[in-house]
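Hi,

Here is the structure I promised to pass on. Have a look at it first, and my notes follow underneath.

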Amino acid sequence: MKLQVIHDSRIQSLNDRDLRQGSFVLYWMQQSQRAAYNHALEYAVQQANQVGQGVLVVFGLMDNYPEANLRHYTFMLEGLQETKAVLGKRGIKMIVQKGHPADVALAAGRKASLIVCDRGYLRHQRQWRKKVARKAGCRVVQVESDVVVPLEAVSGKAEYAARTIRPKIHNHIKDYLVELKPTKIKKSSLQLGTKGIDLSDISAVLKKMSLNRSVGPVSHFFKGGTAQARQIFADFLRQRFKNYVENRNQPQTDDVSHMSKYLHFGQISPLYLALQILKTDKGYKDAREAFIEELVVRRELAMNFVYYTPNYDSYACLPNWAQKTLAEHKKDRREYRYTRRQLENARTHDEYWNAAMREMKSTGFMHNYMRMYWGKKNLEWSTTPEQAFKTTLAINNKYFLDGRDANSYTGVAWVFGVHDRAWFERPIFGKIRYMAASGLERKCDIQAYVKKVDALERQSRK
DNA sequence: ATCGGCTCGCGCAA
DNA sequence: TGCGCGAAGCCGAT
């Protein structure tokens, strides 16, 4: 049987240890929480087939995950439940165990011949993998499955802007837009004795966990899982894709893909989405290009940012020109100033901004165009830019299903000048790009957006 | 409705 | 070293 192609650039040994005479190959799943289009999983299957063993998949479910709350945990568990079931049908046992992910991986890996892990670009994700590689008694191999073009193949440094990374990505993208079909397994792992928690009742699992419950689930808007993601994306391609170019910056419409939350939890593969786009009618050339721009160029610029910028979550990550100009305007008079509480309660004088905040709280999502406006106003209405940065990131990560993503950190930093250029100097913002309510009125039907959010809020109260 | 100016720095051409 | 141009804009002039 022909092996599925996994480029060498996706595969990295994280330690120098050898394969061991164990009883299975362990796939420690953490970022890529899916059964399909998962290079780490397929690599593990290939390796297991070679030594005549099965693949055990383990996921570490942690109490009090930093900044996560009931909303995020619910969405994630909905996805994990499905992934476990789908893997089971393929003869692959998946267990979810409570504990710190690295500890769970190490414990499950004691009898493994080899540990395979997937890849994440945030600080803690990298630390966990490092720890497992250091302490494991066998070889640990990391397989990238979270971007279309592996980061190091694109660039070895923090890119300055979209325009600098764009040609570098397009130089390689063709090589990586290749199908990844499931490799047939030679030996089932379903008989392995290792026990995990029962995922059949998600609310029962959640009840027993220690976690922040201040923000409720949004399953009636967005349910977690690969099947849901595929369904939403298929609907997008069928109904909304034709409007994408015209409407993607029109917040009163819903002509967006809604994939970012599924991408964040690894429930859908960016490669799968890109390949689906290639299958669309060639007549939608502009929409195809615009979507690939968002999915690959901008998303992978965000990955590049967090990977090569150690302090991606602090104010000091901003470029010098941005910090300088904001410092020069620190003392400027602020006509409006709101506390974090006022902001979170959507109690500002600006009904457009309030609507954006309400959409975020009630659905776990905010239209992309409003995310920019929302962030820019946080900067305008905070006492200092440093405080604005902190508050914006905190609220972002609290309510968005895709909070704490590389795109969250990059999106917030963009508000303060990252990947952007200088503009006409004005109060508070200095040379940072400004956005105004009048711009919303000029460019979109912002009243219709407010009404849309009113309706969404009513729906969420039901 | 459309246009130019504003402004910084990267990366390429020379 | 010079020059073009860019993650989503604003504003005033025409």
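One thing before you dig in: this is a predicted model.

I'd start at Trp28, which stands opposite Cys117 in strand β5 (residues 112-117). Trp28 belongs to strand β2, and five bridges join β2 to β5, with the two strands running parallel.

β2 also pairs with strand β3 (residues 54-61): the two run parallel and are joined by six bridges. Here Tyr27 is the residue to find, as it stands opposite Val57 in β3. If you trace the chain, β2, helix α1 (residues 39-50) and β3 form a β-α-β unit, and it is right-handed.

So how many of the residues in β2 (residues 24-29) are buried? Six of its six. Both faces of the strand are covered, with Phe24, Leu26 and Trp28 buried on one side and Val25, Tyr27 and Met29 buried on the other.

Now back to Val57. Along with Leu61 and Met259, Val57 has the most contacts inside the largest nonpolar core, which has 80 residues. Helix α12 (residues 285-308) gives that core its largest share, eight residues. There is also a second, separate core of 30 residues, and Tyr315, Ala406, Val412 and Ala413 are among them.

What does Val57 touch, leaving aside neighbours within four places in sequence? The list takes in Tyr27 and Met29, then Leu41, Leu87 and Ile92, and finally Lys93, Met94 and Ile95.

Happy browsing!

Technical notes:
Residues numbered from 1 in each chain as written. Chains lettered and ligands numbered in written order. Predicted model: local features only at pLDDT ≥ 70, side-chain atom pairs only at ≥ 80, totals over all residues. Heavy atoms only, no water. Core = buried A, V, L, I, M, F, W, Y, C linked by side-chain atoms within 4.5 Å. Buried < 20%, exposed > 50% of the residue type's maximum accessible area, 1.4 Å probe, protein only. Helix = DSSP H or I, 4+ residues; strand = E, 2+ residues; numbered from the N terminus. Contact = heavy atoms within 4.5 Å. Pairing = 2+ DSSP bridges. Right-handed = clockwise from strand over helix to strand, strands pointing away.
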